[in-house]
Amino acid sequence: MDRMEILSHVDHTLLAQDAAWEDIRQILDDAVAYRTASACIPAAYVKRAADYVEGRLPICTVIGFPNGYSTAQTKAYEARDAVANGASEIDMVIHVGALKDKRYDEIEEEIRRVHEACQGRILKVIIETCLLTEEEKIAMCDIVTRAGAEYIKTSTGFSSGGATFADVALLRKHVGEGVKVKAAGGIRSFEDAERFLELGADRLGTSRLVKLMKNS
């Protein structure tokens, strides 16, 4: 798999707290230049970014990020606001505590509400695999499938670990038909990226691959 093909699966990402507009603008320029799947940026920059790229690039943003414990109503509002500002894709974080409590119906309803708020845009559900047992990961595959989201995503990149090969293989095995997998967090090389894709990931959340291309 050549590098440009791998980059076509990348959500080129910048979610640092101190990211200023010039940092975001550089991410957008690089994402357009290297034809990545999207640029994933903070919600506060979505409108300006969407205006800046003028349809040349899908804009992705995050809600309930990074901890996931805001209310379902708040997450749905965030999603509606992001869509109104021009977001094409939404990555939401589940309430991990609710999963630990086995409040599966509550999590499914939250995902459904956010998916509805996305108004046909792509929804990726971040489950933070590094905090979950295998049983919980499998349960989330079922919940995300029933709730109708387009993707299940491994990680925020802000917790104790990111994507692993084992987790991507597990999610791909157990997620329902039509649901895709996004690996994110700690993807540092094209070799690792290719392996994630081979294991069944369709998207990769990272900024390192574009940087490697620019420095090669």
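This report describes the overall build of a predicted model, then the annotated active-site residues and one of the helices.

## Overall build

The protein chain holds 10 helices and 8 strands, and its C-alpha trace spans about 45 × 35 × 30 Å along the principal axes. A compact globule of 216 residues would have a radius of gyration near 17 Å, and because the protein chain has 16 Å, the value agrees with that expectation.

Of the 216 residues in the protein chain, 52% count as buried. Contacts that reach across the sequence are well represented: among those between residues at least 6 apart, 69% join residues at least 24 apart.

## The annotated active site

An unreviewed UniProt entry places the feature "active site" at Asp91, Lys153 and Lys182. Although these positions are spread over 92 residues of sequence, they cluster in space, with a largest C-alpha distance of 10.1 Å. From this set, Lys153 and Lys182 belong to the lining of the largest pocket.

## Lys153 and its surroundings

Lys153 lies in strand β6, which covers residues 151–153. With a relative accessible area of 3%, under the 20% cut-off, Lys153 is therefore counted as buried. Leaving aside residues up to four places away in sequence, Lys153 touches Asp91, Val125, Ile126, Ile127, Glu128, Lys182 and Ala184, so that both of the other annotated positions appear among its contacts. The side chains of Lys153 and Asp91 are also joined by a polar contact of 2.9 Å.

## Lys182 and its surroundings

Lys182 lies in strand β7, residues 180–184, and is likewise buried, with a relative accessible area of 1%. Residues up to four places away in sequence not being counted, its contacts include Asp11, Asp91, Lys124, Lys153 and Arg203. The side chain of Lys182 makes a polar contact of 2.8 Å with the side chain of Asp11.

## Helix α6

Helix α6 runs through residues 104–117, and at 1.5 Å a residue its 14 residues should span 20 Å; because its end C-alpha atoms are 20 Å apart, the model agrees with that figure. Just after α6, Gln119 takes a positive phi of about 55°.

The buried residues of α6 are Ile107, Glu108, Glu110, Ile111, Val114 and Ala117. What covers these buried residues includes the strands β3 (59–63), β4 (89–93) and β5 (122–126), together with the helices α4 (72–84), α5 (96–100) and α7 (134–147).

Technical notes: Residues are numbered from 1 along each chain as its sequence is written. This is a predicted model: local features need pLDDT of at least 70, side-chain atom pairs count only at pLDDT 80 or more; totals for chains, interfaces and linings use all residues. Side-chain values use heavy atoms; hydrogens and water are left out. UniProt positions are given in the numbering used here, feature names are shortened, and annotations may be inferred rather than shown by experiment. On a 1 Å grid over the protein atoms alone, a cavity is a set of points where a 1.4 Å probe fits but cannot get out, and a pocket is an open set with protein on both sides within 12 Å along at least five of seven lines; lining residues have an atom within 4 Å of a point. Helices (H or I, at least four residues) and strands (E, at least two) are DSSP runs, numbered from the N terminus. Buried means under 20% relative accessible area, exposed over 50%, partly exposed in between (1.4 Å probe, protein chains only). Contact means heavy atoms within 4.5 Å. A polar contact is a pair of N or O atoms within 3.5 Å; within protein, one must be able to donate a hydrogen and the other to accept it, and residues adjacent in sequence count only if both atoms are side-chain atoms. The expected span of a helix is 1.5 Å times one less than its number of residues. The radius of gyration is taken over C-alpha atoms; the globule rule is 2.2 Å times the number of residues to the power 0.38.
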